[in-house]
Number of protein chains: 2
Amino acid sequence: MSVATVSRVLNDYPDVSDETRERVLATIREMDWTPDRAARLLATGRSHTVGVILETGPGHPDLQHPFFQEVLGGLKGIVGEEGFDLLLFGSTRTRTVGSGSSFLNRARHHRLEGVVIMGVDRNDPQVEALTRSGIPCMAIDQDFSGGRTGYVSSDNVAGAALAVRHLVELGHRRIALIGGPADTRPGVDRLLGYRRELRRLGLQSRPGWVVEGDFYPDSGYRAMQELLGAAEPPTAVFAASDLMAAGALRALEERGIRVPDQVSVLGFDDIPLASLLRPALSTVHQDGEALGRAAGEALLQMVAEPDREAPTITVPVELVIRGSSGPVPADVAEGG
Amino acid sequence: MSVATVSRVLNDYPDVSDETRERVLATIREMDWTPDRAARLLATGRSHTVGVILETGPGHPDLQHPFFQEVLGGLKGIVGEEGFDLLLFGSTRTRTVGSGSSFLNRARHHRLEGVVIMGVDRNDPQVEALTRSGIPCMAIDQDFSGGRTGYVSSDNVAGAALAVRHLVELGHRRIALIGGPADTRPGVDRLLGYRRELRRLGLQSRPGWVVEGDFYPDSGYRAMQELLGAAEPPTAVFAASDLMAAGALRALEERGIRVPDQVSVLGFDDIPLASLLRPALSTVHQDGEALGRAAGEALLQMVAEPDREAPTITVPVELVIRGSSGPVPADVAEGG
DNA sequence: GGGGGTTCCGGAAGCGGTTCCGGCACCGGG
DNA sequence: CCCGGTGCCGGAACCGCTTCCGGAACCCCC
């Protein structure tokens, strides 16, 4: 029972007799022993860990956002099954020498086998260096791409289309959009879906009916106020995030406007909050866990097959109708 | 410039001449080199990593809960500053040999220098084995203890007292509690604070006025229905979590009972949702990030000083008054 | 019965650092 | 001038594993 033999049974090499194999396994169990990860890493170069980059802190409250946690959960599940671990790192500078600054450096330092990127600026030079390094990367909801880096996102276009179709079916003709930032993938895609579906149904959006927000509640609040001041106020508004929808709801309530009797509101994301709002928010359900799983699976495949290209994956969404969307008010049903 | 010399400058040994030191550092910068973590770990036995245990999945939606994310954020910040990384692991079984099942095994396997424990059953035998292993541990909101394991929690007793005092000052005399599970530390402490403050103010709770929930919305909803059916319904209810408060709000709304005009509702946690509810929820603010930071600091101290005992830390909370609490209704002001 | 194949296992060389130990150069003092 | 210190640095062992290589034992067949 030399170390070499033990190593062989651990790695399922064929050239070990059944008897020896059994004896080794028994001893391992009996000693409650487990091989040292660092030593194994050092010898093989395989760390069995994937990194997660997500910006935290002021201006980037992303770890806060429930959506990212769902993603994280799905990711953890899938890579965990394969014996991989998750290593979180943010942008915080560290003091120790060698834990150096750049993401790429740190990734190499840990010999990460892959990394998933969430909520960082897509023009960040550090991230760029990382994505072009050859290390498999998957971004969430951001259209990074390159040789070994792909991304996964919800079907934002279809989701937005679903939302406006639902509103149109309820009789609405004056449908506004509180959009996301124009420099984010979900922001532009949801805008695109909104525009496209409107056109497909023979309707059009007025210039004053689309206003840009930042996905967070306050921007939804302000956007709604702006919309209410428009010459021809909409009877329905589709917000590109639930949080903005919540802000919009607040603005409406302050004006004494009843939802959905006077105006309908639709969100996007279906965060836990959505069902807790009054009225409960109709929204487009995004499956964060599935996104995480998809990213994890893609990553795992890429590490397994070195010349596999990075995929771009879109996962379906579905409409969840709750209390905040209803038929167009009778007195404007003819109008528009 | 032998490897030995490089290692000496990296670790700030004194026996290197300034000139050599400078030359080494320059070369390191120029090569964009960073020492291999695994090799260093192997040689020193120090992983510079702390583990995070948190149960995920059905029945344990804890990664979901905003509170835990705040904690995670604070923790990441503090340990990151010291060059430590966070390793997440859940309870999911892994397939690879050696990533063996038990937490303790995995902790040893990674040579974790400490671990923080969130949201797992306190009687879990695996966790127990871990806490008695000598590895520094800090639990969040759970009163684990032992040689090297302490915990940090919010000042739940004081928070609950704050809540009832606020309600009493508004004139309420009939104050109900929707409590947390009796087998969780926050659950019992918030109940204790509620009882104690009531007594201190010369009031008493009726048996029917305290009902136990599970911290999640549905239980708050059901609890509220139960309270409304009581012989002498309360004019104010203090829920031991915001989510339960949200459930209670929903129950009240369905009955057409206006908040806070007819009954006041107070929550606990101050999750982002709280300010988005209508009416905005008055609640006891819990500083999740501070909890995470405190746990991280304690852990770091324990790894630095091997015979330091594990502390138990409580961090202060504060009352946030929003729209869901108001003066007792005029028609019952004399009663109670 | 000896040669050539299999099957199974131990030896040993790394992986990339840390750290002990010993040696060289240089210093001051007797 | 020689000796003991001191300041710096290189050699080498070691951490615990993987993996190549070679060898012992055994079988089969001519």
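This is a short walk through a predicted model with protein chains A and B and DNA strands C and D.

Good morning, everyone. Some housekeeping: residues are numbered from 1 along each chain as its sequence is written, while chains are lettered from A and ligands numbered from 1 in the order in which they are written. Since the model is predicted, local features need pLDDT of at least 70 and side-chain atom pairs count only at pLDDT 80 or more, whereas totals for chains, interfaces and linings use all residues.

Let's begin with chain A. It has 11 helices and 12 strands; these are DSSP runs numbered from the N terminus, H or I of at least four residues for helices and E of at least two for strands. The C-alpha trace spans about 85 × 40 × 35 Å along its principal axes. Of the 336 residues in chain A, 49% count as buried, that is, with 20 or more other C-beta atoms within 10 Å of their own, C-beta atoms being placed from the backbone.

How far can we trust chain A? Its mean pLDDT is 88, with 92% of residues at 70 or more; pLDDT is the predictor's confidence in each residue, from 0 to 100. Please be careful with residues 92-100 of chain A, where pLDDT is below 50. Where pLDDT is low, the predicted coordinates should not be read in detail.

Now, the DNA. Which residues come nearest to strand D? Among the 24 residues around it, they are A:A4, A:S7, A:A43, B:A4 and B:T20, where "around" means a C-beta atom, placed from the backbone, within 6 Å. Strand C is also surrounded by 24 residues, the closest being A:A4, A:T20, B:A4, B:S7 and B:A43. For strand D, α1 (3-10) and α3 (37-44) of chain A and α1 (3-10) and α3 (37-44) of chain B each supply at least two residues of the surface.

Finally, please turn to chain B. Here 6 strands form an open, mixed sheet in the order β7-β6-β8-β9-β10-β12; strands pair if DSSP finds at least two bridges between them. The edges are β7 (210-212) and β12 (318-320) of chain B, each pairing on one side only. Strand β10 (residues 282-285) of chain B runs antiparallel to β12(B), over 3 bridges, and B:T283 sits opposite B:V320 in that partner strand, β12(B). Helix α8 (residues 185-200) of chain B packs on the sheet and touches β6 (175-179), β8 (236-239) and β9 (264-269) of chain B; touching means C-beta atoms, placed from the backbone, within 7 Å.

Thanks for listening!

Methods
Two residues are in contact if their C-beta atoms, placed from the backbone, lie within 7 Å. Axes are lines fitted to C-alpha atoms, for helices over the stretch in contact, and angles run from 0 to 180 degrees between N-to-C directions. A residue is buried if 20 or more other C-beta atoms lie within 10 Å of its own, exposed if 12 or fewer, and partly exposed in between; C-beta atoms are placed from the backbone.
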